[in-house]
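Me: I would like a close look at one part of this model, followed by the surroundings as far as they can be described. Please keep it plain.

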Amino acid sequence: MEHIPRSYSSPLLTANPVPILIPSIVNNSPTVLTGSSLPTTQLAVDIIENLAKFPHCILLTRVGNFYESYFDQAIEVAQLLTIKLTTRLWGGGRVPMAGFPLVHLDRHLKRLVQGHKRFAAICEEFKRPDGSFERRVVRVVTPGTLIDESFVNPFENNYLMAISSESDGEDQIGMAWTDVATGEFFTQTIPQASLRDEVARIRPKEVVLQETLRKATSHPIKDALVEESAVVSYIGSDVQTLPPPKEENDLSVYETEAVGLLTSFMKGSLLEHMPGERELSHLLRPTHETTTGRLQMDSHTIKALEIREELREGGISGSLMSVAKRTVTSSGTRLLERWLCSPSASTSVINARQSLVAVFHHSPHFRSDVVTLLKETEDATRIVQKFTLGKGDADDLKAIRDTIRVWDAIRNRIRAEMPDTTKVALSAQAATDWAALETIASQLASLLPLAERIDSALEDNELAPAKDSAGEEGDPTMPGLSLGEALETEDSQTLPETEDGVSTKTWTIKPKFSAKLTSLHRKLNKLHRQKTELEEDLRERTGAQSLILNNSTIHGWHVRVPKARDARNMRNVEDLGLIDVSKSASSRTYFLSSWTTLGTSIAETEMEILHTERAAFNTLRDEVKLVGSFLRKNARIGDELDVASAFANLAVEMNFVRPTINESSALDIVHGRHPTVELGLIKSGRNFVPNSVHLHPEGRLHFITGPNMAGKSTLLRQTAVIVILAQTGSYVPAESATIGIVDKVFARIGAKDDLFRDRSTFMVEMLETADILKKATPRSLASG
């Protein structure tokens with residue numbers, strides 16, 4: 001799906017008012033308002049200007065407790081989100097309007113961005129010192145730039161990819177892709193013919209192309225993206241450029257161009273959440289990928305072998321991923337999927353992974369302890385990235401603190417499990433396996449001082465999300481407007497309860513964190529004691545024991561007597577300076593100047609504490625960001641331990657064995673089994689009949705014959721799946737397996753006709769066979 005009708009490289013500003021189409025709700029006859037006919041209130045002017053700046057987006061403007069949409073977009077928003085369409089009196093006429101509460105933002109963003117593939121410009125409001133509001137777009141939400149929305153699937157990556165066009169007639173193109181939610185960033189230079197296979201492997205949610213390709217009716221890059229589900233976006237030629245490569249193995253010119261496209265698109269989308277220069281410099285050091293170090297699979301093979309999802313129904317159930325998934329963390333599950341789709345082609349890497357699996361496999365109690373600890377870790381990679389993007393809250397700080405402590409416990413548990421070679425004789429293989437675990441454990445950085453720093457700062461309670469500072473003008477406010485109308489309530493707002501004259505309001509940062517906070521809390525406690533004393537004095541002198549000191553949007557700071565009997569029998573009202581404000585059958589409200597002064601001081605002190613807490617939170621967040629690289633490295637180690645222990649559990653549960661990996665050209669699998677098919681048979685009370693495969697340089701080609709439903713396709717898939725599992729680092733479903741490194745796997749099983757391209761089943765098979773013959777090497781495995 002193609003989207004974004006205009007360039008994203010610069011704001012689209014217009015000097016003259018933009019014509020706004022306003023269909024009449026009454027007679028359905030549209031009229032165009034321009035110039036003086038447009039509404040002239042500040043809110044209307046802000047909305048019209050933002051519509052002009054972001055014409056490719058659905059504009060959601062915050063007004064108090066709601067996000068609202070106006071003019072012709074309101075009609076579209078109401079239809080897309082199935083919400084009520086209403087009107088508002090503006091500029092002497094009524095204009096369409098639709099909106100929803102703040103708390104429903106994620107729900108509606110999911111429908112707009114993921115469901116309808118639309119872009120949403122989020123416009124927040126900021127209160128100025130003079131009481132007026134500034135409204136500006138702080139972020140554009142697109143399918144590839146999701147950060148911490150509740151609907152983001154934590155178990156899979158949400159990649160944004162940019163692809164550079166070929167230049168100078170060469171067949172090379174550059175790719176750059178990142179998961180905005182985790183900060184993982186990769187680049188690669190590939191032949192143009194491999195683009196579809198790489199896109200199928202990476203599976204981005206959004207692909208960014210140069211604006212010049214928009215009008216191209218047929219282009220190899222666009223053709224390669226047709227069968228993938230990613231949204232295609234475009235950006236102009238005025239893009240971010242990088243300095244020339246200075247290090248060895250740095251970016252190619254094609255990758256540099258792709259990184260420029262990606263960075264510019266992110267700047268146009270993240271806006272105020274775009275990382276600063278220091279964080280951006282780290283972002284612009286991506287991991288450079290090559291095809292030589294991994295087992296390559298084309299798009300047909302990934303689908304035919306059902307690695308990610310089942311071929312017929314499309315869900316994860318019945319896929320290799322569903323069988324292999326024994327991971328207990330979301331980040332570990334993401335790593336498992338990447339490994340299954342990009343197995344290694346390096347014997348050293350594979351054997352190192354197998355060593356970790358072997359240790360866990362042979363030590364069930366140790367494995368159980370590590371898995372239990374891993375369950376207690378949080379997704380540190382995403383939390384660090386949230387902080388990098390200026391988001392996150394105090395609960396995220398607590399998660400970082402707790403995860404650091406778990407990492408330390410894991411390291412100590414590994415050290416406690418390490419065998420004492422002076423007392424225990426180990427085989428060469430066992431020594432190698434334990435050495436691999438010791439190596440990975442030694443790489444875990446000790447960050448306990450940061451955990452203690454966070455612990456000394458945070459109150460140990462259930463925390464509400466901390467509000468991010470949004471600009472010098474002030475913070476987003478919630479003035480209580482409902483779809484353009486001020487909703488006021490007559491219900492009084494009782495101040496926070498006090499205990500022994502001390503406020504019991506829940507705070508985020510401990511008072512002892514700083515001298516300023518300590519002083520402010522002392523001041524606040526003193527004010528609350530004065531409030532308690534005033535309240536008790538008024539009750540005694542008026543005889544109204546139900547009297548309370550309150551605050552509300554209607555009456556401000558006031559004295560309320562909620563019980564009718566007390567209200568009727570009050571005494572010394574005039575002597576105490578109580579001024580009657582309102583009364584009802586059951587209550588009475590008074591104004592008292594001394595309470596107004598005291599209540600205002602309490603509110604001002606609490607607000608000052610909130611601002612000081614926010615500054616303290618930002619300080620802690622910056623401290624986390626300073627060690628972000630160590631946190632990310634520890635998280636990656638935790639993910640590898642998660643996957644290794646998951647492979648060990650899989651091996652125990654399904655009777656897998658450790659394969660032998662070498663550099664030969666042989667493939668010997670004794671009594672191999674297809675793990676997905678076997679699991680399905682076990683659930684139905686049946687057994688899988690194993691098969692053996694022996695391929696060697698003198699016998700590279702095998703023919704399989706048999707009647708329908710005899711299991712020919714299962715054997716073909718099973719052989720490829722066993723190779724993939726082995727080169728991922730897992731044990732395999734067989735009695736024994738010796739596998740020479742495979743560089744490419746091709747699977748053409750169950751070919752179907754392609755009527756859309758006017759290709760019969762036979763034609764599809766011949767074309768795919770020709771593609772295999774063209775790409776295969778002596779180390780490739782092809783089945784079909």
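How many residues lie between β5 and β6 in their hairpin, and which residue in the turn has a positive phi?

Reply: The model is a predicted one. In the hairpin formed by β5 and β6, 2 residues lie between the strands. The turn residue with a positive phi is glycine 91, at about 60°. The strands themselves cover residues 86-90 for β5 and residues 93-101 for β6; they run antiparallel and are joined by 5 bridges. One position can be placed in this ladder: threonine 86 has methionine 97, in β6, as its bridge partner.

A parallel arrangement is found elsewhere in the chain. Three strands make an open sheet in the order β15-β29-β30, and their pairing is parallel. Its edges are β15 (296-297) and β30 (781-783), each of which pairs on one side only. Between β29, which spans residues 744-747, and β30 there are 3 bridges in the parallel sense. Within this pair, valine 745 is opposite leucine 781 of β30. As a rule, side chains in a regular strand alternate between the two faces of the sheet.

Valine 745 and leucine 781 also belong to the largest nonpolar core, which has 69 residues. Both are listed among its members with the most contacts inside it, together with Leu340, Leu437, Leu641 and Val723. Beyond its neighbours within four places in sequence, leucine 781 contacts Leu667, Leu695, Thr719, Ala720, Val723, Val742, Lys744, Val745 and Phe746. There is a second, separate core of 46 residues, including Leu447, Leu450, Met570 and Val624.

A polar residue can be buried too: glutamine 385, in helix α13 (residues 380-388), counts as buried because its relative accessible area is 6%, and the cut-off is under 20%. Leaving out residues up to four places away in sequence, glutamine 385 touches Val180, Ala181, Thr182, Gly183 and Arg632.

At the surface, Ile579, Val581 and Phe591 make a nonpolar patch of about 240 Å². Isoleucine 579 is located in strand β23, which covers residues 579-583. Its relative accessibility is 47%, so isoleucine 579 is classed as partly exposed; exposed would require over 50%.

Terms used
Residues numbered from 1 in each chain as written. Predicted model: local features only at pLDDT ≥ 70, side-chain atom pairs only at ≥ 80, totals over all residues. Heavy atoms only, no water. Patch = residues over 30% accessible without salt bridge, like charges linked within 9 Å, V, L, I, M, F, W, Y side chains within 5 Å. Areas by Shrake-Rupley, 256 points an atom, 1.4 Å probe, with all protein chains shown as cover. Salt bridge = Lys/Arg side-chain N within 4 Å of Asp/Glu carboxyl O. Helix = DSSP H or I, 4+ residues; strand = E, 2+ residues; numbered from the N terminus. Buried < 20%, exposed > 50% of the residue type's maximum accessible area, 1.4 Å probe, protein only. Pairing = 2+ DSSP bridges. Core = buried A, V, L, I, M, F, W, Y, C linked by side-chain atoms within 4.5 Å. Contact = heavy atoms within 4.5 Å.
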